[in-house]
Amino acid sequence: MRTRRGVSYPKANSMCCDKRRRYCDFSSDNTIQCRKRAKSSAGAPAATVSGQCDFLDTLPDDIVLFILTKLASTAGCPADFIGVLSTCKRLNGLGVHSLVLSKASPRTFAVKASNWSESAHRFLKHCSDAGNVEACYTLGMIRFYCLQNRGNGASLMAKAAINSHAPSLYSLAVIQFNGSGGSKSDKDLRAGVALCARAAFLGHIDALRELGHCLQDGYGVRRNITEGRRFLVQANARELAAVLSTTPTASISSNWLTWNPLPHLRYGNVVGPGCPLLSDFGCNVPPPEPHPANRFLSDWFAGKVLGAGLRLCSHAGCGRPETRLHEFRRCSVCGAVNYCSRACQALDWKMRHKAECVQADRWVDDGAGAGDGEHNGNNDEGDGMFVES
């Protein structure tokens, strides 16, 4: 084939093309034109058929790693990251570098429960092996609750907790409070309070709320109502600040910024409506977005039948199931809902259960005997469920 100036294109068979992926056009005169970039015998990028050079091969590996790291840390879904890795072999090889996987955001490996597969499991494991604390927590929750690999799941969460990962600290605290994966005698309330205190120090809202209820009830710690109320106020203030910082100003409506005065509530020696942040159900703020790990648990158990007598936490944003009979505490008023923690009970109360809770004349547990920590009205030891009614 000739151009207008009469210069012929070089023949394709005289060029060294990549034989692994070749895209060719067969013209009428049986001359082959190769569209794949050519490489020299030394491996350096060579000029393509059009005379242009592939500049990706000229970039050093450290620059490509930096670009992939930024992509992994800002990806909105797994497809944003996997789609780039599938473009060429070099990006695919550098994309699984430990530096890239260690900086991946939770949305990068936020796989849906319906799409769970061995390859997704393997990718999460690569991220956790690279030192990604979010991947350690997510994979630990999946293995502990979904795959019922208790020891390995707890060790992964502990690995993230050692690196001051607040959600992992709080999840381990819930396990200690309930004795999850073991028997009732495996509860360690003091360890649960210590883990909650560490997570609360790091600013975890649920841990702050849990610690406040523990101090108010004397659950695993010496009772201190004033200090417990202070933690509850701080948890609500942080929750409101988080909503205001993430919600656009234009979409903020006045109805959830108002509060419902409750004159029957008593705050210390003061009776009256008071500030809405002084109660666990103050401002009608939107529910917080659940962590991808909790969302995975909710989707995983949504279409599955648990073992006989086992129940899910009634808080929609939790997703934790019982690992043994009567592990969770239930509402002492209606007996229709049950929770893995006081924090889940407080959140579900102000978001949903407050409008549904009705005093039951008498209710009987499904199994033999009462649950481990159900509230029967006499909470002398602080082992009952904290219920607002």
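How many of the 13 residues of H10 are buried? The count is 11, and H10 is mostly covered. This report starts from that helix and then turns to the rest of the chain. The model is predicted.

## The chain as a whole

The protein chain has 389 residues, and 41% of them count as buried. Its secondary structure consists of 13 helices and 6 strands. Among contacts in the chain with a separation of 6 or more, 55% are between residues 24 or more positions apart. The accessible surface of the chain comes to about 20,900 Å². Carbon and sulfur atoms hold 55% of that surface.

## Helix H10

Helix H10 covers residues 205–217. Its 13 residues, at 1.5 Å a residue, should span 18 Å, and the end C-alpha atoms are 19 Å apart, which agrees. The buried residues of H10 include Ala 207, Leu 208, Leu 211 and Leu 215. Charged residues also appear in that buried list, among them Arg 209, Glu 210 and Asp 217.

What do the buried residues of H10 pack against? Their partners are helix H8 (166–178), helix H9 (189–201), helix H11 (225–246) and helix H13 (342–351). Just after H10 comes Gly 218, which takes a positive phi of about 70°.

H10 also holds a salt bridge, in which the side chains of Arg 209 and Asp 206 meet at 3.9 Å, N to O. Both residues lie in the helix, 3 residues apart, and this is about one turn. An α-helix has 3.6 residues a turn, so residues three or four places apart point the same way. The two partners have different degrees of cover: Arg 209 is buried with a relative accessible area of 0%, whereas Asp 206 is partly exposed at 23%.

## Salt bridges

Side chains of opposite charge can pair when their charged atoms come close. A search of the whole structure finds 11 salt bridges. The table gives three of them.

| Salt bridge | Closest N to O distance |
|---|---|
| Glu 289 with Arg 107 | 3.8 Å |
| Arg 209 with Asp 206 | 3.9 Å |
| Arg 352 with Glu 356 | 2.8 Å |

Glu 289 lies in the loop between strand S4 (270–271) and helix H12 (292–302), while Arg 107 lies in the loop between helix H4 (98–102) and helix H5 (118–129), so their pair ties together parts that are 182 residues apart in sequence. Glu 289 is exposed, with a relative accessible area of 58%, and Arg 107 is partly exposed at 45%. The two residues are also linked with Arg 295 in a network of salt bridges.

In the pair of Arg 352 and Glu 356, both partners count as partly exposed: Arg 352 has a relative accessible area of 30% and Glu 356 has 46%.

The loop between H4 and H5 also contains Ser 105. Ser 105 is buried, with a relative accessible area of 11%. Leaving aside residues up to four places away in sequence, Ser 105 touches Ala 72, Ser 73 and Ala 75.

## Cysteines

How many disulfides does a search of the whole structure find? The search finds 0. Cys 196 is in no disulfide, and the nearest cysteine sulfur is that of Cys 214, 5.9 Å away. Cys 196 is buried, at 1% relative accessibility. Its neighbour Cys 214 is one of the buried residues of H10.

Why does Cys 344 form no bond with Cys 340? The sulfur of Cys 344 is 3.7 Å from that of Cys 340, its closest cysteine sulfur, and this is too far for a bond. The cut-off used for a disulfide is sulfur atoms within 2.5 Å. Cys 344 counts as buried, at 6% relative accessibility.

## A nonpolar patch

Which residues form a nonpolar patch on the surface? They are Leu 59, Ile 63, Phe 66 and Ile 67, with about 370 Å² of accessible area together. Ile 63 has its place in helix H1, residues 61–74. At 39% relative accessibility, Ile 63 counts as partly exposed.

Definitions and conventions:
Residues are numbered from 1 along each chain as its sequence is written. This is a predicted model: local features need pLDDT of at least 70, side-chain atom pairs count only at pLDDT 80 or more; totals for chains, interfaces and linings use all residues. Side-chain values use heavy atoms; hydrogens and water are left out. Helices (H or I, at least four residues) and strands (E, at least two) are DSSP runs, numbered from the N terminus. Buried means under 20% relative accessible area, exposed over 50%, partly exposed in between (1.4 Å probe, protein chains only). Contact means heavy atoms within 4.5 Å. Accessible areas come from the Shrake-Rupley method with a 1.4 Å probe; for residues, only the protein chains shown count as cover. Patches are made of residues with over 30% relative accessible area and no salt bridge: like charges are joined within 9 Å, nonpolar side chains (Val, Leu, Ile, Met, Phe, Trp, Tyr) within 5 Å. A salt bridge is a side-chain nitrogen of Lys or Arg within 4 Å of a carboxyl oxygen of Asp or Glu. The expected span of a helix is 1.5 Å times one less than its number of residues.
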